[in-house]
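Student: Got a minute to go through a model with me? I'd like to work along the chain and ask as I go.

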Amino acid sequence: MIAWRSVTVRYRGRVVLDQVSLEVPSGQRVALVGPNGAGKTTLLRTLVGLVPYEGTVEVDGLDARLEPVEVRRRIGYVPQLMSFPQQLTAAEVVALAQELRGGAPDPAPLLREAGLTEHARKPVRELSGGMLRRLGVAVAQVGDPPVLVLDEPTSYLDRGGEAWLIQWLQAAAGKKTVVVASHQLRGLDRLVDRVVVLDQGRVVRDLGAERLRALHWLEVVVPLPAPGELPEEVRVLARRNGAVHLQVPDHRLREVLHALEGRPVEVHEPPVEDLLREVLG
């Protein structure tokens, strides 16, 4: 189990986390979501001793401040930005992590699980962003820690990489405690059991992942005038700069694009702030 109790973090006089109290039971997968600057990454960093804080952080009953080595041993951490020695190969990075954790160097199984077998001999400097993300997940699994902490795990992943990550997190259900930080909401219901919304350093909502399934929509922008006939579930978000902005449920997108055939159209992911307004009511 992970427990944050009255955790406060200050940075240059600014409160980044404000009296955050939160528990994650063993075996549960939780997403921390919110706009940039909400405090998600900072909260994760308190687990692995990367930021000073007030309050108490515990992992499996161990105080992260008093027993940092034992707590860190229980955590597989994937930061938002990967940083490995550029001259080492992918296999050497995993082998080094295994040796540092007191195990025998045997990178092949973890590289295979991460889909990196063909890239095992490539230096880190030659790996794409998606490959680095996969390598980070492989390193996080060294020693089979019971807790996995991932900051923006889908960053740089292509569709194949996202599918792999989804399958990997689904396999972890009930077996590992997982905390994911993300500023995106779409698709999280497939990755986690629970969603905790942070805003301005505070926990503002604690929801079941099923609440996100109603948020599968896209913003479609089309020049004025507004289309005359559209499906009932489509609504107008705004009219500005000579264009109309439509909220279109995923399952209606093909139908709407067909109705707008011949007109220039832009399709965007909605800003996380817009989605959060719906979650928060």
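**Helix H3 and its surroundings**

Tutor: Helix H4 and helix H5 are among what covers the buried residues of H3, where helices (H or I, at least four residues) and strands (E, at least two) are DSSP runs numbered from the N terminus. This is a predicted model, in which local features need pLDDT of at least 70, side-chain atom pairs count only at pLDDT 80 or more, and totals for chains, interfaces and linings use all residues. Residues are numbered from 1 along each chain as its sequence is written, and side-chain values use heavy atoms, with hydrogens and water left out.

Student: Which residues of H3 are buried?

Tutor: Ala90, Ala91, Val93, Val94, Ala95, Ala97 and Gln98. Buried means under 20% relative accessible area, exposed over 50%, and partly exposed in between (1.4 Å probe, protein chains only).

Student: And what does the backbone do just after H3?

Tutor: Gly102 takes a positive phi there, of about 85°.

Student: Switching to His119. Buried or exposed?

Tutor: His119 counts as buried because its relative accessibility is 18%. His119 sits in the loop between H4 (108-113) and H5 (129-140).

Student: What does His119 touch?

Tutor: Leaving aside residues up to four places away in sequence, His119 touches Ala90, Leu127 and Met131. Contact means heavy atoms within 4.5 Å.

Student: Now pockets. How much space lies in the second largest pocket?

Tutor: About 560 Å³. Its lining has 23 residues, and Arg72, Ala97, Leu100, Arg101 and Val139 are the closest to its centre. On a 1 Å grid over the protein atoms alone, a pocket is an open set of points where a 1.4 Å probe fits, with protein on both sides within 12 Å along at least five of seven lines; lining residues have an atom within 4 Å of a point. Grid points are joined across faces, edges and corners, and the volume is the space filled by probe spheres set on the points.

Student: Which elements give two or more residues to that lining?

Tutor: H2 (68-73), strand E6 (75-78), H3 (90-100) and H5. The lining residues of this pocket divide into 16 nonpolar, four polar and three charged.

Student: Last topic, Ser6. Where is Ser6?

Tutor: In strand E1 (residues 2-11). Ser6 is not a glycine, yet its phi is positive, about 50°. With a relative accessible area of 34%, Ser6 is partly exposed.

Student: And where is Gln200?

Tutor: In the loop between E9 (194-199) and E10 (202-208). Gln200, also not a glycine, has a positive phi of about 50°. Gln200 is exposed, at 66% relative accessible area.

Methods. Nonpolar A, V, L, I, M, F, W, Y, C, P; charged D, E, K, R; others polar.
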